[in-house]
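Me: I have a protein model open and I'd like to learn how to read it. Can you walk me through it piece by piece?

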Amino acid sequence: MMVLLRQVREEDFEKILNWRNEPQVRKNSFNQKEISRNEHLDYWHKRIKSAEYDFIISHNGIDVGLLRLDKREEKAYEVNIMIDPKHQGLGIGSDAIKEIKKIAKARGIKKLIGRVKHGNVGSNKIFEKNEFQLRYVVYELDIE
Ligand SMILES: CC(C)(COP(=O)(O)OP(=O)(O)OC[C@H]1O[C@@H](n2cnc3c(N)ncnc32)[C@H](O)[C@@H]1OP(=O)(O)O)[C@@H](O)C(=O)NCCC(=O)NCCS
């Protein structure tokens, strides 16, 4: 099995919007709202022109997901990952994290952060299998 990360390109616009709006992906995202084409365009203009930190995940030559690094502190980046539900559970997410560790190291990044919604088993696993350590738990209360 061959998992590769390549820089996002102009023609990936539609694909990324579709993956992001898959119900299974939305459910596990911090922002669960459906993303409109205009919101996606905003993101696109902010990020994709340079796209140094936005990668398409390909598996055996097929584009199957997105991995994005969001800067949180100097040399510390949060990993945002989504895989097309049709291609989940095949080990692609774990391999993509393995790849981003190498890229991060080569770029002098000192820390990667995985922020995971409670109950997102697949996401916990891809980080734990790649030596990420559980350091924080966050409790919230919605006040009615
Ligand atoms: C989280 C996600 C990236 C994982 O990618 P993936 O390619 O499906 O993960 P893998 O196939 O490498 O699976 C890793 C492990 O998690 C398990 N797993 C994956 N999805 C699972 C699920 N829904 N429930 C239970 N276990 C799951 C796999 O069986 C595997 O376990 P193993 O290593 O013991 O065999 C992917 O499911 C996804 O895009 N989810 C929606 C968006 C999301 O949650 N993003 C993460 C935000 S940080």
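Me: Which residues come nearest to the ligand?
Reply: A residue counts as near a molecule if its C-beta atom, placed from the backbone, lies within 6 Å of it. Here 22 residues surround the ligand, and Asn-28, Gln-88, Gly-93, Ser-94 and Gly-122 come nearest. Keep in mind that this is a predicted model: local features need pLDDT of at least 70, side-chain atom pairs count only at pLDDT 80 or more, and totals for chains, interfaces and linings use all residues. Numbering starts from 1 along each chain as its sequence is written.

Me: Which helices and strands each supply at least two residues of that shell?
Reply: Helices (H or I, at least four residues) and strands (E, at least two) are DSSP runs, numbered from the N terminus. The suppliers are helix H2 (23-27), strand S4 (76-83), helix H4 (92-106) and helix H5 (121-128). H5 gives the largest share, five residues.

Me: And what is a nonpolar core?
Reply: Picture a set of buried Ala, Val, Leu, Ile, Met, Phe, Trp, Tyr and Cys residues, joined through C-beta atoms within 7 Å. Buried means that 20 or more other C-beta atoms lie within 10 Å of the residue's own, again placed from the backbone. The largest core here has 22 residues, and Ile-57, Leu-67, Val-79, Ile-92, Ala-96 and Ile-97 touch the most other members. Strand S2 (54-59), strand S3 (62-73), S4, H4 and H5 each supply at least two residues of this core, with the largest share, five residues, coming from S4.

Me: How are the strands ordered in the sheet?
Reply: Two strands pair if DSSP finds at least two bridges between them. This open sheet has five strands in the order S1-S2-S3-S4-S5, with mixed pairing. S1 and strand S5 (111-113) each have a single partner strand, so one side of each is left without a neighbour in the sheet.

Me: How many bridges join the antiparallel pairs S1 to S2, S2 to S3 and S3 to S4?
Reply: Five bridges join strand S1 (residues 3-7) to S2, six link S2 with S3, and eight join S3 to S4. For individual partners, find Val-3 opposite His-59 in S2, Asp-54 with Arg-68 in S3, and Glu-73 with Ala-76 in S4.

Me: What happens at the hairpin of S2 and S3?
Reply: Two residues lie between the strands, and Asn-60 takes a positive phi near 45°.

Notes. A residue is buried if 20 or more other C-beta atoms lie within 10 Å of its own, exposed if 12 or fewer, and partly exposed in between; C-beta atoms are placed from the backbone.
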